[in-house]
Amino acid sequence: MLSNYSSATEFYLVGFPGSEQLQHILFAIFCFLYLVSLLGNTVIIVIVCVDKRLQSPMYFFLVHLSILEILLTTIVVPVMLWGLLLPGMQAVSLAGCVVQLFLQLALGTTEFSLLGAMAVDRYVAVCNPLRYNIIMSSQTCNSVVIVSWVFGFLFQIWPVYATFHLTYCKSNVVDNFFCDRGQLLKLSCDNTIFIEFILFLMAVFVLFGSLILTIVSYTYIISTILKIPSASGQRKAFSTCASHFTCVVIGYGSCLFLYVKPKQTQAADYNRVVSVMISIVTPFLNPFIFTLRNDKVIEALRDGVKRCYQFFKS
């Protein structure tokens, strides 16, 4: 159906410019980061599902965050790795480009909704611990997760439809390693000022909506922690939030640079670098952030390794 509105039936991804040797080096680096990201997030999902000590709302949200990270990287990275192995530009069908862009934006929106919910969870845990189990019940957590997923996918239907409703007659060469919306808008012959402004407002709504929720939650959290008389009590309280806070800083920082700007058609090199941060580096770092700074997860991992060792030894 979309092909009726666009003169382009396929797009060509430029990928990463440079020599063949550089392409092979990038392939090795990105492949390593991708595999570690898959392994790390999968381990988190398995550990949380298996270990009874991690059956709490915080880790329930963490499982869904890890699922989102796996899906986000898998949508973009395999195509990028394939492009690094092949000479020249990589052809992607119009339908493939639509699916990739929609899933990337929808999953990203879902992730930010979930990060906002995790901030509220940390607020309740620190500021209202006696009512934590009542407020953050399993029904509440399930509802929050369902709403986050549904909102993420519904919210991105119009932006993707509007992007591919444009007429692409300048070129069908996308100067990035995936179907980047900013670069797609550059290829259109239509006036995209209005669409870019609406996309900017929608990005502001998603990112700043969840960011404001996070800032307000952490304002109350820090205020409550500072009232704790002992230094050890303050460290223990903050340690429950440190992983989420670090993840928020990295995730929001990258996406604010990429999506929250009035002019969506940013320079290709700029988009490429920030896209690498979002698609590869952040999913690679998150498993380490949530495990190395969390005593319960480390203990669960240690016990899991011991059980695996005993199983194979016997």
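1. A definition to start with: two helices count as roughly antiparallel when the angle between them is over 145 degrees. Keep that cut-off in mind for the helix pairs below. Also, this is a predicted model, so read everything here as a description of a prediction.

2. Take H3 (residues 94–127) and H6 (residues 157–164) to begin with. Their axes come within 10 Å and cross at roughly 150°. That angle falls on the far side of the cut-off, and H3 and H6 are therefore roughly antiparallel to each other. As for handedness, the crossing of H3 past H6 is right-handed. On the H3 side the contact is made by Leu94, Cys97, Val98, Leu101, Phe102 and Leu105, and H6 brings Ile157, Val160, Thr163 and Phe164. In terms of chemistry, that set splits into 9 nonpolar residues, 1 polar and no charged.

3. A word on the spacing you may notice in such lists. An α-helix has 3.6 residues a turn, so residues three or four places apart point the same way.

4. Staying with H6, which of its residues are buried? They are Pro159, Val160, Ala162, Thr163 and Phe164. Their cover includes E1, H3, H5 (138–155), H7 (181–186) and H8. Val160, Thr163 and Phe164 are also named in the contact with H3.

5. Next, the other partner of H3. H2 (residues 57–85) packs against H3 at an angle of about 160°, with the axes 10 Å apart. By the cut-off of 145 degrees, H2 and H3 are therefore also roughly antiparallel to each other. Here the crossing is left-handed, whereas H3 passes H6 in a right-handed one. The contact of H2 with H3 has 17 nonpolar, 5 polar and 4 charged residues, so charged groups do turn up in this one by the usual residue classes.

6. Now the sheet. How many strands does it have, and in what order? There are 3, arranged E2-E1-E3 in an open sheet with mixed pairing. E2 and E3 are the edge strands, each pairing on one side only. E1 (residues 10–13) runs antiparallel to E2 (residues 90–93), joined by 4 bridges, while its pairing with E3 (residues 173–174) is parallel and has 2 bridges.

7. Leucine 13 is a handy residue for following that sheet. Its bridge partner in E2 is glutamine 90, and in E3 its partner is valine 174. Leucine 13 also sits on the covered face of E1 along with Phe11, whereas Glu10 and Tyr12 make up the uncovered face.

8. Over to H8 (residues 193–226), where threonine 214 lies. Is threonine 214 buried or exposed? Its relative accessible area is 4%, and the limit for buried is under 20%, so threonine 214 counts as buried. Setting aside residues up to four places away in sequence, threonine 214 touches Leu115, Gly116, Ala119, His244, Val248 and Tyr252.

9. Serine 217 is in helix H8 too. With 5% relative accessibility, serine 217 is another buried residue. Apart from residues up to four places away in sequence, serine 217 touches Ala119, Val120 and Tyr123. Ala119 is a contact of threonine 214 as well.

10. What does cysteine 247, in helix H9, touch beyond residues up to four places away in sequence? Its contacts are Leu65, Leu115, Asn286, Ile289 and Phe290. Cysteine 247 is buried, at 2% relative accessibility. One of those contacts, asparagine 286, is 39 residues away along the chain, yet the two C-alpha atoms are separated by 6.5 Å. Leu115 is a contact of threonine 214 too.

11. Finally, isoleucine 228, which is found in the loop between H8 and H9 (231–259). Isoleucine 228 has a relative accessible area of 24% and is partly exposed: the value is above the 20% limit for buried and under the 50% mark for exposed. Not counting neighbours within four places in sequence, isoleucine 228 is in contact with Gly233, Gln234 and Ala237. For a sense of scale, isoleucine 228 and phenylalanine 205 are 23 residues apart in sequence and 35 Å apart in space, C-alpha to C-alpha.

Definitions and conventions:
Residues are numbered from 1 along each chain as its sequence is written. This is a predicted model: local features need pLDDT of at least 70, side-chain atom pairs count only at pLDDT 80 or more; totals for chains, interfaces and linings use all residues. Side-chain values use heavy atoms; hydrogens and water are left out. Axes are lines fitted to C-alpha atoms, for helices over the stretch in contact, and angles run from 0 to 180 degrees between N-to-C directions. Angles under 35 degrees count as roughly parallel, over 145 as roughly antiparallel, 65 to 115 as roughly perpendicular and the rest as oblique. A crossing is left-handed if the near helix is turned anticlockwise from the far one by less than a right angle, and right-handed if clockwise. Contact means heavy atoms within 4.5 Å. Buried means under 20% relative accessible area, exposed over 50%, partly exposed in between (1.4 Å probe, protein chains only). Two strands pair if DSSP finds at least two bridges between them.
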